[in-house]
Structures are given as C-alpha cells and as structure tokens.
Amino acid sequence: MKETRLKILQYITGIGLFFFAGTHLIVSHLSSGEPASWESVSDRAASAGWLTLYLLLLTFGLYHGLHGLRTIILEFSFPNYAVRVLDWALVVIGIAIFGYAAYIPISAF
Amino acid sequence: METEVASSEKPHLPNRLGVKGWVWAGRYTLERYLYTLHRLTGLGLLLYVALHLGANGFRLGGEESWTSAIDFLTNPFGRVVEYLVMAAFAFHALNGGRLILQHLGYTLGKPKPPIYPYVDSMRRRRPLTWVMLAVIVALAIYILVEFVT
Amino acid sequence: MQELTFKVQRYTPGQDKEPYLQEFTIPFTEGMTVLDGLIYIKEKVDNTLSFRSSCRMGICGSCGVLVNNFPMLACHTPVEELKTDRIEVKSLPNFPIIRDLVASLDLLFEKHKSIKPYIISSDIREAEEPTAEYVQSREELESYVQFAYCVKCGLCMAACPTVATDALFLGPQPLGQVYRYCTDRRDMGAKERFHEADSPHGVWLCHLAGACSEACPKGVDPALAIQLLKRAMVFDSMRLAKKRQPVTLAHLPVESKPKIEVPEFTVK
Ligand code: HEM
Ligand code: FES
C-alpha cells in the first residue's frame, strides 16, 4: 500500500509542522525585538536546540510540500507509467534543496 | 484499465471543467470552498518556503550581506507578505488538522440509512467546522493586531 | 410563475464546434419537474432535442443534468424548488457529450466495474449453491446499506473537483462502492479492492471537498464512504485493522412451520 504509506507521512509531517513551523513563525515574526538581526540569527545558530528544530522543520516541510505538489501534478491526468519518473525527480529535487538549505545553519553552528 | 478509460473520451468532447473546476466552487457550500483555500495556501506556503530558503543564502556572505538583504526586505510590501504567510499558515494548519481527523473518519459520525430529506455527514457536523473557522479568524485578527502595533 | 424560460444546451458532435444554449419559453404547470419541461419542449416545440430519461422517479439514474449550475436528476427536481423561472440545463460536466444533454457515462461504468462491485465470497461453493442463509446484524447492515442506494447517475463525478482535471482518478462513485463492498461482512475482497484504491489515481486524490455528497440525489453520502475507506486503508497498512471473522451461516430449521392452506384456484 505505497500510496497510503506516503499519505500517512503527509499527515505525520503535517502534525510535526504544526509545532515546528508554529514555533519558528512565532519566534521570528511575532516576538518583540529584532529576530532577524545578525545577532539574533547568530545566537540561534550557536544553539543545538535551534539547529535540531531547523533540520526537522526542513525535512518535514520539504516532504510535506513536495508530496502535496506531487498530488497536484498527478491530478493533471498524470500517466501511471511516468509516476516513477515523477517520484524520482521530486526525491532528487528534495535532496538537493535539503543539501543546500541544511548547509547554511550547519556551517554556522 | 487506464488507457482504456482515457481513450473512451476521445470520440467526443471530454467536457471536463479543468482547473476552473478546482477554483470555482459555485453553488457548493463550505467545505468545497475550504478545499480551494487549502490548496491555495499550501501552494502559497510552498512558494514562500522556496523564496525563504533562497534568501537564507545571504547568511553565507557574512553579516554585511545578511543585514543588507534584511534591510532590502524590510518594507511595507514585505510586511504584507509576512502577514499573508502567517494568516495562510494559521488557516492551512487548523484546516489541515480538521482534514486529518475527517480523512480518518473521525468527527463524521456513522453511516445512516438515507431517509428524505437527506443530510450528509459533513453537514451534520458542520458546527464543528464553523468553530474551527472562528478560531482561524480570531488568530488572523490577533496576528494583524500584533503586526500593526 | 406563468411561463418558464428554459435555456437548453445543444451540441451535435461533428456538426457543432462548441455546445451552445438555445432558449425556449414554455408554460408552467404546478408540480412540474425539470424533466417535464424537457419532455414538453421535445413534444411540442423542438423534437430534435436529445436527453435521456427512463423511470422519471429518481430510480434509474439516467436523467442527470446540470440545472442552474448544479448537478441534479431532472426528474427529481421540481421547478418550484429552483425558485426562479429561468432554468439553464446543460449536460453533466466531466463526462463526454454524446449529443445535447446526453452525457456518456461509460467512464463511470468502466471504473465502477474495475473495483469488482460484487460480493467476493471466501467459499465459492456456498455462494453458488447456498445451503444456508448469511446472518447479518442490524449494525452490520447499516454499516454499508446507505452506500448501497447508489443509482450510478454520475452526479457525484460531475461535482468532484478532482474528476474535473484527472481522467484517471477513480472518482467518488467507484471509491464509495469500494467501501460499500469491503465493509460488508459477506465479502472477503478487501485486499483486492484496497490495491485498486491505493493507485496513484486512487483514494488519496480525494480532498474532502464534500461536493459529491451535496450533489448525491439519493443521500448516499459518498464522501463519508471514502473517508471511512481511507481510515480502513490506513489501519490496514499499519496492520492495526481488526481481523474480521468470516460471516456466519444460519442453517434453516429442518422442520419448517406447517404450510398455510392455499385456496383452490378459481380459474381452472
Ligand atoms: C501546520 C501544519 C500543517 C498541517 C497540519 C498541514 C496539513 C495538510 C494536509 C492534511 C494536507 C492534505 C490535504 C488533502 O489531501 O486534502 C496538506 C496538503 C498540502 N500542504 Fe500542508 N499542512 C501544514 C503545513 C504546510 C506547510 C508549511 C506547507 C508548505 C510547505 C504545506 C504545503 C501543502 C501543500 C502544497 C499541500 C497540497 C495541497 C493540496 O493537495 O491541495 N503545508 N497539508
Ligand atoms: S429518469 Fe430515472 S432517475 Fe430520472
């Protein structure tokens, strides 16, 4: 039941994002002070807790977003014989974005 | 089976509504509109995430490059986008929670023998959905107030 | 209401490039349905108008059309219920047009067939030559009977936003029927049908827009059936599903009640 398992992951990453992205958004857009200043950013970059949160957020967000995109692409009568190609393309795109985006906080840690 | 189905459309006009059928909810009611909004906010958030990750690249250039990038983004238009992202997230997150519950059959009740006038499960449970919407609107207003002050 | 303005879709493949609307003005009579209006037009005004109907009482599912932008059974829709004297009738969207208001439902029937819409019994011999009756409790019956009221009219498929773009998507009617059969205790075919519903164009392209259940003229609530199917598939894929006992058989009492006396035939 491949599609069912992929969708279960969509739900789990959704619930994860609720907390991870929620925290991230509240801290960086609703808190007082200057959350986007170089000092604040550097402060957070030095903390293992924030690094973990960022990496989880990135993983969950990428899976959830790209699986959502896959659903939408499939709905354009996407032919079954090409679904494997689509899946691999999305996996490659996901890993590439992960590599780039994870490098930034890791290199600053 | 798939090829057969697709080819049976060929002799005539397929008459599919197309993407207009996603966006235009017409005379259908609440959940049909939430479907459109969920898709729209999902795609919007994904686009924002992509731009956001791109902008993070300025970190690699050191303090000066980062600060100038942030300065460039700090303007009324940037604020509006920021607010829209927050509001879209509030909607997508809470409505997503509803979808997860209902996709798994929770809060929908049991099947009932159809007796006229028919009421489907989602309309029976619609008050719950209105409560969810009220929370979303309250959140969106709260965030707006926080943003303005 | 004295008169009604019917705007009816006309289209002849090979002749017209696009469907167009033709206007008819017809008298209103109390209690008339949209189908009555169409029949009036065909009988008295323009006999080239094509539409499909049979039972004219919401049983056969032949007369599905789009009335004022909402999929409905023409025979099941009193004109008064529309609360307007301007009535636009088009063929069901998401189905190919054969002519005028006649949509080809082949697509629906093919997909319906593909999910094996019949009881798959674990005991073929018992199914073919029954020695006893299946026992079913009221709850067991009610778990699927609502979904068994489907008349295959295609209104849900016309309402579904995913069907609007995806020719390969199974759609609300077949998916609802997957659940109808899988949850029936006489049936042992859940695995096969889950496999069909697990395809990339299967149950997970349903996003619970709820339009199918709003459009359904029989109160079948396909959206509910599909969500319950998702639940069953999620539980099954995580191996959390309860193992279901095969249905029990009730052997008929060997000694039956004394027969009622049949009166003599009056005609010999
Ligand atoms: C906050 C927590 C979130 C929850 C609970 C959540 C939940 C969901 C659920 C349940 C779906 C499936 C909808 C369906 O199949 O009908 C979905 C779809 C989607 N989500 Fe999220 N989501 C969240 C955050 C996000 C974020 C941050 C993004 C951006 C990256 C995102 C992007 C998408 C996209 C693109 C879809 C596909 C939309 C569609 O198929 O119509 N989601 N979300
Ligand atoms: S004519 Fe049979 S359902 Fe309308």
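Surface patches are built here from residues with over 30% relative accessible area and no salt bridge, like charges being joined within 9 Å and nonpolar side chains (Val, Leu, Ile, Met, Phe, Trp, Tyr) within 5 Å. The model is predicted: local features need pLDDT of at least 70, side-chain atom pairs count only at pLDDT 80 or more, and totals for chains, interfaces and linings use all residues. Residues are numbered from 1 along each chain as its sequence is written, chains are lettered from A and ligands numbered from 1 in the order in which they are written, and side-chain values use heavy atoms, with hydrogens and water left out.

**View 1. A patch of negative charge on the surface includes residues of chains A and B.** Glu34(A), Glu39(A) and Asp43(A) gather here with Glu63(B) and Glu64(B). Two or more residues of the patch come from each of α2 (38-45) of chain A and α4 (63-73) of chain B; Glu39(A) lies in the former helix, α2. Asp and Glu count as negative, Lys and Arg as positive, and His and the chain ends are not counted. Each charge is placed at NZ of Lys, CZ of Arg, CG of Asp or CD of Glu. A salt bridge is a side-chain nitrogen of Lys or Arg within 4 Å of a carboxyl oxygen of Asp or Glu.

**View 2. A nonpolar patch lies on the surface of chain B.** Val131(B), Val135(B), Leu139(B) and Tyr142(B) together have about 350 Å² of accessible area, computed by the Shrake-Rupley method with a 1.4 Å probe. Val131(B) belongs to helix α7 (residues 126-148) and is exposed, at 52% relative accessible area. Exposed means over 50%, buried under 20%, and partly exposed in between (1.4 Å probe, protein chains only).

**View 3. Cysteines of chain C are shown without a disulfide.** A disulfide (a pair of cysteine sulfur atoms within 2.5 Å) is found nowhere in the whole structure. For Cys150(C), the nearest cysteine sulfur is that of Cys156(C), 6.4 Å away. The sulfur of Cys160(C) is 6.7 Å from the closest one, in Cys212(C), and is therefore too far away for a bond. Cys150(C) is buried at 16% relative accessibility, and Cys160(C) is buried at 11%.

**View 4. Pro200(C) occupies a loop of chain C.** The loop runs between α7 (190-197) and α8 (211-215). Pro200(C) is buried, with a relative accessible area of 17%. Its C-alpha is 10.0 Å from that of Leu170(C), 30 residues away in sequence. Chain C holds nine helices and nine strands, which are DSSP runs (H or I, at least four residues, for helices; E, at least two, for strands) numbered from the N terminus. Of its 268 residues, 57% count as buried.
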